[in-house]
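Q: Please take a close look at one part of this structure, the sheet and what packs on it. I am new to it, so walk me through it step by step.

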Amino acid sequence: MNVVLVGYRGTGKSAVARQLAERLDLTVVCLDDQLQRKAGKRIPEIVQERGWPGFRDLEEEIVRTFAAGDGQVIDCGGGVIEREANFGVLRTAGPVVWLKASPQTIVRRIA
C-alpha cells in the first residue's frame with residue numbers, strides 16, 4: 001500500500017508524510033529529493049539547464065519509478081499534477097490526498 005500526498009508548496013506534505021509513515025509503518029519517499037539525486041543537481045539548476053519541460057520529463061520518470069513501489073508515503077513536488085500522466089500514475093499507486101492551506105499559511109511557511 002502507498003499513500004500519495006499532493007498539494008501546493010507549503011501545504012505540509014513533508015510533515016504529514018513523516019507522521020503518516022510513522023503511524024502506518026511505511027517509508028517516506030520525497031519525489032523532489034529523488035529527482036535531485038538522479039539528476040545530481042538541485043531543482044533550480046535542473047530547470048536552468050533543461051527548462052521546465054525537461055524538468056517535468058525527469059519528474060514524470062521519477063513518478064513512474066516510485067509509483068510502482070509499495071509501502072510508501074509518496075511526498076510529491078508541488079507541480080507534479082501539472083501533467084495529467086503523473087496524476088494518472090499516482091492514482092494507481094494508492095489513495096491520493098490533496099493537502100491545502102490558506103494563502104497566508106503558505107506564504108508564512110515558504111518565506
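A: Start with a helix in this predicted model. Helix α1 lies across β1 (2–6), β2 and β3. Its direction runs at about 165° to that of β1. A second helix, α2 (residues 31–39), also packs on the sheet. Helix α2 touches β2 and β3, and its direction makes about 60° with that of β2.

Now the sheet itself. Strands of a sheet pair through backbone hydrogen bonds, either parallel or antiparallel. Here four strands form an open sheet, and the pairing is parallel. The order is β2-β3-β1-β4. β2 and β4 (96–98) stand at the edges with a single partner strand each, so one side of each has no neighbour in the sheet. From one strand to the next, the twist averages 20°.

Look at the edge strand β2. It pairs with β3 (residues 72–75) in the parallel sense, over four bridges. Cys30 has Asp75 in β3 as its bridge partner.

Next, the cysteines. Cys30 is buried, at 18% relative accessibility. Cys76 is buried too, at 2%. The closest cysteine sulfur to that of Cys30 is in Cys76, 9.0 Å away. A disulfide needs the two sulfur atoms within 2.5 Å, so this pair is too far apart for a bond. The disulfide count is zero.

Finally, the loop between α1 (13–24) and β2 (27–30) holds Asp25. Most residues other than glycine have a negative phi. Asp25 is not a glycine, yet its phi is positive, about 55°. Asp25 is exposed, with a relative accessible area of 70%.

Definitions and conventions. Residues are numbered from 1 along each chain as its sequence is written. This is a predicted model: local features need pLDDT of at least 70, side-chain atom pairs count only at pLDDT 80 or more; totals for chains, interfaces and linings use all residues. Side-chain values use heavy atoms; hydrogens and water are left out. Helices (H or I, at least four residues) and strands (E, at least two) are DSSP runs, numbered from the N terminus. Buried means under 20% relative accessible area, exposed over 50%, partly exposed in between (1.4 Å probe, protein chains only). Two strands pair if DSSP finds at least two bridges between them. Axes are lines fitted to C-alpha atoms, for helices over the stretch in contact, and angles run from 0 to 180 degrees between N-to-C directions. Contact means heavy atoms within 4.5 Å.
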